[in-house]
Number of protein chains: 2
Amino acid sequence: MSLITELAQAARNASRQLAILDSDSKNQVLQAMSSALRANQEVILAANLKDLDAAKANGLSEAMLDRLTLTPARINAMADGIDTIVKLADPVGLRRELGTRPNGIKVSKLRVPLGVVCMIYEARPNVTADAGALCFKSGNAVILRGGKEALGSSLAIAAVLQQVLRLFNLPEALITVVPDPDRALMLELLQQRQTIDLVIPRGGEGLINFVTDNSKIPVIQHFKGVCHLYVDRAADVEKALNLLLNGKTQRTGVCNALEGLLVHKEIAPVWLPIAAQALKDKGVKINCDAASAAYFAQPTVLTDEQFGAEYLGLEIAIRQVDSLDGAMNHIARFGSHHTEVICTEDLQAAAQFQQAVDASVVMVNASSRFSDGAELGLGAEIGIATTKLHAYGPMGLESLTTEKYLVNGAGQIRD
Amino acid sequence: MSLITELAQAARNASRQLAILDSDSKNQVLQAMSSALRANQEVILAANLKDLDAAKANGLSEAMLDRLTLTPARINAMADGIDTIVKLADPVGLRRELGTRPNGIKVSKLRVPLGVVCMIYEARPNVTADAGALCFKSGNAVILRGGKEALGSSLAIAAVLQQVLRLFNLPEALITVVPDPDRALMLELLQQRQTIDLVIPRGGEGLINFVTDNSKIPVIQHFKGVCHLYVDRAADVEKALNLLLNGKTQRTGVCNALEGLLVHKEIAPVWLPIAAQALKDKGVKINCDAASAAYFAQPTVLTDEQFGAEYLGLEIAIRQVDSLDGAMNHIARFGSHHTEVICTEDLQAAAQFQQAVDASVVMVNASSRFSDGAELGLGAEIGIATTKLHAYGPMGLESLTTEKYLVNGAGQIRD
């Protein structure tokens, strides 16, 4: 058996033991993991230092080096993250009664772990602890395949978590870091559909597409975030301005930042001059339709096909629309099913927008930046799904589980 | 744009109109479809006759000809199926409140259609009506790609349904039959991940594997059904016998038939002789472990690796186990995540089995043959999932939907 088949099979076997562990026991283990991370900072930092030296020698960008760097504060933050997960309700074991059939058999559904989850991610050592703890709490074994630059750090973190597993007589294979960054092994990993139930890639669009194209295992996909704010004719001028600035400038480079602004033509003459000044003050580069060009100094005028870009920076696309329908048509065409926002005081328009817009999060009078597991109250987040199968939007513990049917009879047979 | 891209795009556009239709309107359309199928029997039967003539000329097997054949009674059964779907509760529009965050934003989830569903199936014209109606009720456009032998019949059925859509000013593209059976076009269909949300293959393992291997769109998979009955030491002898005979012989060739029998060694001396006689009376071919061979006349003795076959006929694999754990280990190794049954009067053993066995349906004292959407109370069934993502087990209307997040604020922004 190859290394990959073997570790996937070991994870599958281990997952059966975890699936039947009760919540209290799982929380005890997680608490011990949090303490162990805090107690073993030195060894984790030493491994991280080696990763950093190699990464600098290989000329990694400053941004990537920053994501790779661990500090005592960052290790404490990982431990805090696990403490948060301890406090979350455990979805496993929840039972819904579906009813009794005419023949007397009772049908219900029981929430159970998926089994084995595989995370594919870039050089972020914190994902090792975060995903490890989320999968553990939801009763799943996890196989972690992170970026090669962070391999030493990930192995050190996993070693600490595995030490705790041993202490509780649980198999180490519940949390496995793939020890070899060879791309061929990652491809092999993506073929293990007998033993792995779900693959979650986290990273840029290139990584997501690579995993989607090569996986025989179901993949939860998070494509780009092209989020819009639609300022309705019944919008509150000040709220609209706050939502625009917060969505576009509070943090750029994240998937829930605004990339597009749609403005009802009736409110444009009043509101766009104010918005233009505020965007100018924040240094936001303007791309807009011809109708709106006069409101801005030196905008880039976009043709119809040029809308829909994910700028990930201080840049935005602005367009006027004739109606709510016009806004919704634009979003259907250029949105990415991530997060869409309407700003309006018209309850009917708000309801219509929320019903009809096809996005994982549809907001009324709230910043797109709230589209995040922690902000929506899920606790920690294992990812955001922009496709609709299994999960749609921020994914918490429940997304790492499924429901099986239970049937209880008294010997009934089928006619 | 190619034919396939065009029809997928048309389905996507049409789906937006259907997604916002209320339940009453959808039911009116479905009722009209049912009536139209009954009223247009002649034209459907004429198209079917042409399909049958061609199929006979091509030497199709009797079994396939039978599945292909339509009769007035079968068309009425299709219409009855639609009438049943009318009566089912509509999952679309159900809203769950998740709570209000400390900053005052309200978070909820709204159940919405997936969008566009693609069915890939063999030469069964009835799937065209069944899947068309299920997808319509759940608010989805559907693209139907059935076996080429039934193409004329499928097109005739779809034409009747589309006539009703036109009558209600709804786009015909809500129900599309791919008009060309070319395999290359099917492959192209499986690439349309921008416009199609889900692919459901229905048919043999070869078809499922072909679709899984070639699809860029999420696929709900239904692999084989290797279902076991475990007769515990605390089993009721008569119930166990009934469950065995019903599961194995009431209908063979179906995925929820029993393929394996596990018997606790303490009950084997009492129960296996009775079971052996009953199986002999029904003409069931026996494969078993060495320990059980003496109970049967001329059994085939299986080695360890030979268990796990899907016989789909009057044939079964029998093994004795030392304990409940032994039974569950066998199932973990050889089961197919479809349906597993325990026969026992020991409530604790029953509970342990239901918790720990990883199958989409886990039963206590009930026949595996109940593992079916209609029998479990889902109404109609679009398929059975034996993988855990999105759906696990029989899939009804709810499985054709997803949930999006709704956020309602008063202008809140993120710090």
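**View 1. Two assigned domains in chain A of the predicted model.** The domain assignment splits chain A into domain 1 and domain 2. Domain 1 is built from two segments, 3–223 and 391–408. Domain 2 covers 227–375. The C-alpha centres of domain 1 of chain A and domain 2 of chain A are 35 Å apart.

**View 2. Contact between domain 1 and domain 2 of chain A.** Domain 1 of chain A brings 4 residues to this contact, and domain 2 of chain A brings 10 residues. Together the two domains bury about 490 Å². Carbon and sulfur atoms account for 64% of that area. On the domain 1 side, His222(A), Tyr392(A) and Pro394(A) supply 84% of the area buried against domain 2 of chain A. No other three residues supply more.

**View 3. Polar chemistry between the two domains of chain A.** The count of salt bridges between domain 1 of chain A and domain 2 of chain A is 0. For polar contacts, the count is 1 residue pair, with both residues at pLDDT 80 or more. The side of domain 1 of chain A that touches domain 2 of chain A holds 2 nonpolar and 2 polar residues, with no charged residues.

**View 4. Symmetry of chain A and chain B.** A turn of 180° with a shift of 0.0 Å along the axis lays chain A on chain B. The RMSD is 0.0 Å. The two copies are thus related as by a two-fold rotation axis. His390(A) is the residue of chain A that comes closest to this axis, with its C-alpha at 1.8 Å.

**View 5. The interface of chain A and chain B.** Chain A contributes 75 residues to the contact, and chain B contributes 75 residues. The buried area is about 6200 Å², with 50% from carbon and sulfur atoms. Leu389(A), Tyr405(A) and Arg414(A) supply 14% of the area that chain A buries against chain B, more than any other three residues. Of the interface residues of chain A, 100% are also interface residues in chain B, so the copies meet through the same surface.

**View 6. Salt bridges and polar contacts between chain A and chain B.** There are 10 salt bridges between the chains. In a salt bridge, the side chain of Lys388(B) meets that of Asp197(A) at 3.6 Å, N to O. Polar contacts link 50 residue pairs across chain A and chain B, both residues at pLDDT 80 or more. Strand β16 (residues 401–412) of chain A gives the most to the side that touches chain B, with 11 residues. By class, that side of chain A has 34 nonpolar, 22 polar and 19 charged residues.

Technical notes. Residues are numbered from 1 along each chain as its sequence is written. Chains are lettered from A and ligands numbered from 1 in the order in which they are written. This is a predicted model: local features need pLDDT of at least 70, side-chain atom pairs count only at pLDDT 80 or more; totals for chains, interfaces and linings use all residues. Side-chain values use heavy atoms; hydrogens and water are left out. Domain bounds come from an automatic or database domain assignment. Contact means heavy atoms within 4.5 Å. Buried area is the accessible area (1.4 Å probe) that two parts lose on being put together, summed over both. A salt bridge is a side-chain nitrogen of Lys or Arg within 4 Å of a carboxyl oxygen of Asp or Glu. A polar contact is a pair of N or O atoms within 3.5 Å; within protein, one must be able to donate a hydrogen and the other to accept it, and residues adjacent in sequence count only if both atoms are side-chain atoms. Ala, Val, Leu, Ile, Met, Phe, Trp, Tyr, Cys and Pro count as nonpolar, Asp, Glu, Lys and Arg as charged, and the others, Gly among them, as polar. Copies are superposed by least squares on the C-alpha atoms of residues with pLDDT of at least 70 in both. Helices (H or I, at least four residues) and strands (E, at least two) are DSSP runs, numbered from the N terminus.
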